[in-house]
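Please look through the sequence and the structure shown here before reading the report that follows. The report moves from the whole chain to one residue and then to one pocket.

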Amino acid sequence: MQNKRSLGYIIGGVFVLLALYGIFTYNGFIKKEEKVNNQWAEVQNAYQRRLNLVPNLVSTVQGGASFESGVLEQIAEARSKASSVTVNQPDSETNNRQLAAQNELAMATNQLIARVERYPELKGTKAFAGLQVQLEGTERRIKVARKDFNESVQVYNTAIKTFPANIIASLFGFTPKDGFEASEGAEKAVEIKF
């Protein structure tokens, strides 16, 4: 009788420990998933900052220089594409679409800045210099936001794939997230032609 009671306590204790492990693991997954979502919101925030600054840059350049309008049209088109791609939840396909649109906008903006370098009177204006500094800062923010997002995705994915936590992850439907990957051809320098 005493052995059955002790066995019952042991089984009950093991069950309680497993339940506590499951609860703590589940809550850990939720925290990590929320971190991924928060970091994704920071990436979107940095993209929005870029989208908001570009029209100011274009207006400043238009007011201070007269050169081919093709570059400005290219920027307007790239900005339109970038602002039309909205991603609430990150996944590989929508990440890639948004990344391509944002990269196109960044390249067009960089081409504009490189072309403006030929216009000393514009290059020297405080408004242009300030916008250029803000755009450079925005590009750094985007880089940092992407890095932080990828780190949080890596932590989350590692957590849900590690044994025995992966059992709880599969029971509750936690699936791996996709992070940012370098664009095809990103290792090549961008060629700017005048």
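In which helix of the protein chain is confidence lowest, and in which is confidence highest?

## Confidence in the model

This is a predicted model, and its confidence varies along the chain: the lowest mean, 57, is found in helix α4 (residues 120-123), whereas helix α6 (residues 165-171) has the highest, at 93. Over residues 189-194 the pLDDT is below 50, although in the model this stretch has nine contacts beyond near neighbours in sequence.

For the protein chain as a whole, the average pLDDT is 79, and 76% of the residues score at least 70.

## The chain as a whole

The protein chain contains six helices and zero strands, and when it is read along the sequence the pattern is α-α-α-α-α-α. Of the 194 residues in the protein chain, 36% are buried.

When the contacts with a separation of 6 or more are considered, 80% of them are accounted for by residues 24 or more positions apart. The accessible surface of the protein chain comes to about 12,100 Å², and 56% of that surface belongs to carbon and sulfur atoms.

## A closer look at Thr109

Thr109 has its place in helix α3, which covers residues 92-116. Is this residue, Thr109, buried or exposed? The relative accessible area of Thr109 is 5%, and because buried means under 20% relative accessible area, Thr109 counts as buried.

Once its neighbours within four places in sequence are left aside, Thr109 is in contact with Val54, Leu57, Ile75 and Leu135. A further relation links Thr109 with Ala78, since these two residues are 31 residues apart along the chain, while their C-alpha atoms are separated by 9.2 Å.

## The second largest pocket

Rolling a probe the size of a water molecule over the atoms shows where empty space is left. In this model, about 170 Å³ of space lies in the second largest pocket, and its lining is formed by Arg50, Asn103, Ala106, Asn110, Glu139, Ile142, Lys143 and Arg146. The elements that give two or more residues to this lining are α3 and α5 (126-161), and the largest share, four residues, comes from α5.

How many of the residues in the lining of the second largest pocket are nonpolar, polar and charged? The lining divides into two nonpolar residues, two polar residues and four charged residues. Helix α3 therefore appears twice in this report, as the place of Thr109 and as one of the elements that line the second largest pocket.

Definitions and conventions
Residues are numbered from 1 along each chain as its sequence is written. This is a predicted model: local features need pLDDT of at least 70, side-chain atom pairs count only at pLDDT 80 or more; totals for chains, interfaces and linings use all residues. Side-chain values use heavy atoms; hydrogens and water are left out. Buried means under 20% relative accessible area, exposed over 50%, partly exposed in between (1.4 Å probe, protein chains only). Contact means heavy atoms within 4.5 Å. On a 1 Å grid over the protein atoms alone, a cavity is a set of points where a 1.4 Å probe fits but cannot get out, and a pocket is an open set with protein on both sides within 12 Å along at least five of seven lines; lining residues have an atom within 4 Å of a point. Grid points are joined across faces, edges and corners, and a volume is the space filled by probe spheres set on the points. Ala, Val, Leu, Ile, Met, Phe, Trp, Tyr, Cys and Pro count as nonpolar, Asp, Glu, Lys and Arg as charged, and the others, Gly among them, as polar. Accessible areas come from the Shrake-Rupley method with a 1.4 Å probe; for residues, only the protein chains shown count as cover. pLDDT is the predictor's confidence in each residue, from 0 to 100.
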